[in-house]
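The following report reads one model through its charged side-chain pairs, its strands and two of its residues. Please keep the sequence and the coordinates at hand while reading.

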Amino acid sequence: MFPRFAPRALALIAFAITLSACAVGAPATPEGSVDPLPQTTEYRLGPGDKLRVSVFNREELTGEFSVGTQGCISYPLVGEVAVAGQTVPEFTNQLSEQLRNGYVRDPIVSVEIAQYRPFYILGEVNRPGAYPYSPGMTVMGAVATAGGFTYRANSRRVFV
């Protein structure tokens, strides 16, 4: 009787080990509670994003700038500035350095994303198309934004 159940028991143990290896704890907040939305990778700028740049006491250098198809913005004094692939803090540091090199003595630069580039969802969703991205969006959040899956959809398999 033991040999008959051995393969099932081994499969069950292997499955349990696999599940336990995939489990990760959520990061704790300073108060000791568990953060319900752990941070993933930081957002990288790209074509279609709109940035709000402020330079303290320099109104002529303050405004909104769109990232073009080549991944650059056209910025006063310094010209074309590569943006694509950088995080907001990386771009802020880069722009500060460029302004410091002969244009502004001690620039205090602030950059924020005024509008995120859209994402596109296709396939077996009720309303395929382009939608505005929001920070922390998940695949299921994107599907919900598009009206959910159709009745024909295989919700267990999604291509990104």
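Is Glu90 buried, partly exposed or exposed, and what is its relative accessible area? Glu90 is partly exposed, with a relative accessible area of 36%, where buried means under 20% relative accessible area, exposed over 50% and partly exposed in between, with a 1.4 Å probe and protein chains only. This is a predicted model, in which local features need pLDDT of at least 70 and side-chain atom pairs count only at pLDDT 80 or more, while totals for chains, interfaces and linings use all residues. Residues are numbered from 1 along each chain as its sequence is written, and side-chain values use heavy atoms, with hydrogens and water left out.

**Overall makeup**

The protein chain comes to 3 helices and 7 strands, these being DSSP runs numbered from the N terminus (helices H or I with at least four residues, strands E with at least two). Read from the N terminus, the elements follow the order α-β-β-β-β-α-β-β-β-α. Of the 160 residues in the protein chain, 23% are buried. The accessible surface of the protein chain is about 11500 Å², and 59% of this surface belongs to carbon and sulfur atoms; such areas come from the Shrake-Rupley method with a 1.4 Å probe, and for residues only the protein chains shown count as cover. Among contacts (heavy atoms within 4.5 Å) between residues at least 6 apart in sequence, 38% join residues at least 24 apart.

**Salt bridges**

Side chains of opposite charge can pair when their charged atoms come close. The structure holds 7 salt bridges, a salt bridge being a side-chain nitrogen of Lys or Arg within 4 Å of a carboxyl oxygen of Asp or Glu. Three of the pairs are set out below, with their N to O distances.

| Pair | N to O distance |
|---|---|
| Glu90 and Arg44 | 3.0 Å |
| Arg117 and Asp49 | 2.7 Å |
| Glu124 and Arg152 | 3.3 Å |

In the salt bridge of Glu90 and Arg44, Glu90 lies in helix H2 (residues 88–100) and Arg44 in the loop between helix H1 (2–22) and strand E1 (50–55), so the pair ties together parts that are 46 residues apart in sequence. Arg44, like its partner, is partly exposed, at 40% relative accessible area.

Arg117 and Asp49 form a salt bridge that links distant parts of the chain, 68 residues apart, with Arg117 in the loop between strand E5 (109–115) and strand E6 (118–121) and Asp49 in the loop between H1 and E1. Here Arg117 counts as partly exposed at 26% relative accessibility, whereas Asp49 counts as buried at 0%.

The salt bridge between Glu124 and Arg152 joins Glu124, in the loop between E6 and strand E7 (129–132), to Arg152, in the segment after helix H3 (139–145), 28 residues apart. Glu124 is partly exposed at 34% relative accessible area, and Arg152 is exposed at 52%. Salt bridges that share partners also join Arg52, Glu64 and Glu112 into one network.

**Sheet and helix H2**

Three strands form an open sheet in the order E2-E1-E5, with antiparallel pairing, where two strands pair if DSSP finds at least two bridges between them. Its edge strands are E2 (63–66) and E5, each of which pairs on one side only, and the twist from one strand to the next averages 30°. E1 and E5 pair in the antiparallel sense over 6 bridges, and Ser54 stands opposite Ser110 in E5. Helix H2 lies across E1 and E5 and runs at about 135° to E5; the axes are lines fitted to C-alpha atoms, for helices over the stretch in contact, and angles run from 0 to 180 degrees between N-to-C directions.

**Two buried residues**

The side chain of Asp49 makes a polar contact with the side chain of Tyr43 at 2.7 Å, a polar contact being a pair of N or O atoms within 3.5 Å of which, within protein, one must be able to donate a hydrogen and the other to accept it, while residues adjacent in sequence count only if both atoms are side-chain atoms. A polar atom of the Asp49 side chain also lies 2.7 Å from the backbone nitrogen of Arg117. Leaving aside neighbours within four places in sequence, Asp49 is in contact with residues including Phe65, Ser66, Val67 and Tyr116.

Leu99 lies in helix H2 and is buried, with a relative accessible area of 0%. Leaving aside neighbours within four places in sequence, Leu99 is in contact with Val55, Leu61, Tyr75, Val78, Val104, Pro107 and Val109. The C-alpha atoms of Leu99 and Leu61, which are 38 residues apart along the chain, are separated by 9.9 Å.
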